[in-house]
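Biologist: I should like to go through this model and ask, for each label, what justifies it. Please set every value against its criterion before you conclude.

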Amino acid sequence: MEEQIKVDPFTAYEEVDCRDGIKRRVYPAKLKHKDLIRKLSPKFNDIFIMENVISLDSNNEFTDDAWDSMMDLLVLAFDEKYTKDEISDFLDFSSVAKVFEIFYGISS
């Protein structure tokens, strides 16, 4: 059973329902991650998530660059509390766009 996270009245977050039935917190983007967000965000599509699966390189071969960039930012969205492997187990394609909406929206 997953450990309960204490409520922090000073940190903004929203909860998302994950595929495994557990609600997890998505946190706002931190100012200290500005350079990483600036580097990774243009590399993937945060609305049409499936495009990150079928992205091609200059040789028309599938590449994981977009996918890897997306997963790196998802780790930040969950405040680095979960690994990429854990996130890929409990999120599905439909919930990823919602996570990014929260991640960017809370901080705007």
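**Labels and their criteria**

Modeller: The charged end of R24 sits over the ring of Y82, 5.3 Å from the ring centre. R24 also lies over the face of F90, at 3.7 Å from the centre of that ring. The model is predicted, so local features need pLDDT of at least 70 and side-chain atom pairs pLDDT 80 or more, while totals for chains, interfaces and linings use all residues. Residues are numbered from 1 along each chain as its sequence is written, and side-chain values use heavy atoms, without hydrogens or water.

Biologist: What makes a charge count as sitting over a ring?

Modeller: NZ of Lys or CZ of Arg must be within 6 Å of the ring centre and within 35 degrees of the ring normal. The 5.3 Å of R24 to Y82 meets the distance limit, and so does the 3.7 Å to F90.

Biologist: How do you know that β1 and β2 pair, and in which sense?

Modeller: Helices (H or I, at least four residues) and strands (E, at least two) are DSSP runs, numbered from the N terminus. Two strands pair if DSSP finds at least two bridges between them. Strand β1 (residues 14-17) and strand β2 (residues 23-26) have 4 bridges, in the antiparallel sense, so the criterion is met. D17 stands opposite K23 in β2. The two strands form a hairpin with 5 residues between them, and G21 in the turn has a positive phi of about 85°. Overall, there are 4 helices and 2 strands, in the order β-β-α-α-α-α from the N terminus.

Biologist: Why is the pair of D92 and R19 called a salt bridge?

Modeller: The term requires a side-chain nitrogen of Lys or Arg within 4 Å of a carboxyl oxygen of Asp or Glu. The N to O distance between R19 and D92 is 3.1 Å, so the pair qualifies. This pair links distant parts of the chain, with D92 in the loop between α3 (84-90) and α4 (93-105), and R19 in the loop between β1 and β2, 73 residues apart. The structure holds 8 salt bridges.

Biologist: Which other residues form a salt bridge with K30 and E101?

Modeller: D79 meets K30, the closest N and O atoms being 3.0 Å apart. Since D79 lies in the loop between α2 and α3 and K30 in the loop between β2 and α1, this pair ties together parts that are 49 residues apart in sequence. K30, D79 and K81 are linked in a network of salt bridges. K98 meets E101 at 3.6 Å, N to O; being 3 residues apart in helix α4, these two are separated by about one helical turn.

Biologist: Are R19 and D92 buried, exposed or partly exposed, and why?

Modeller: Buried means under 20% relative accessible area, exposed over 50%, and partly exposed in between (1.4 Å probe, protein chains only). R19, at 62%, is therefore exposed, whereas D92, at 23%, counts as partly exposed. E101, at 52%, counts as exposed, but K98, at 37%, is partly exposed. Of the 108 residues, 34% count as buried.

Biologist: What makes the pair of Y13 and Y27 tilted?

Modeller: A pair of aromatic rings is described by the distance of the centres and the angle of the planes. Rings of Phe, Tyr and Trp (its six-membered ring) pair if their centres lie within 6.5 Å; planes under 30 degrees apart count as stacked, over 60 as edge-to-face and the rest as tilted. The structure holds 8 aromatic pairs. For Y13 and Y27, the centres are 6.0 Å apart and the planes differ by 50°, so this pair is tilted. It links Y13 in the segment before β1 with Y27 in the loop between β2 and α1, 14 residues apart. Y13 is partly exposed because its relative accessibility is 26%; at 8%, Y27 counts as buried.

Biologist: Where is F44 placed?

Modeller: F44 lies in the loop between α1 and α2 and is buried, at 9% relative accessible area. F44, F100, F103 and Y104 form one aromatic cluster. The C-alpha atoms of F44 and M70, 26 residues apart along the chain, are separated by 6.2 Å.
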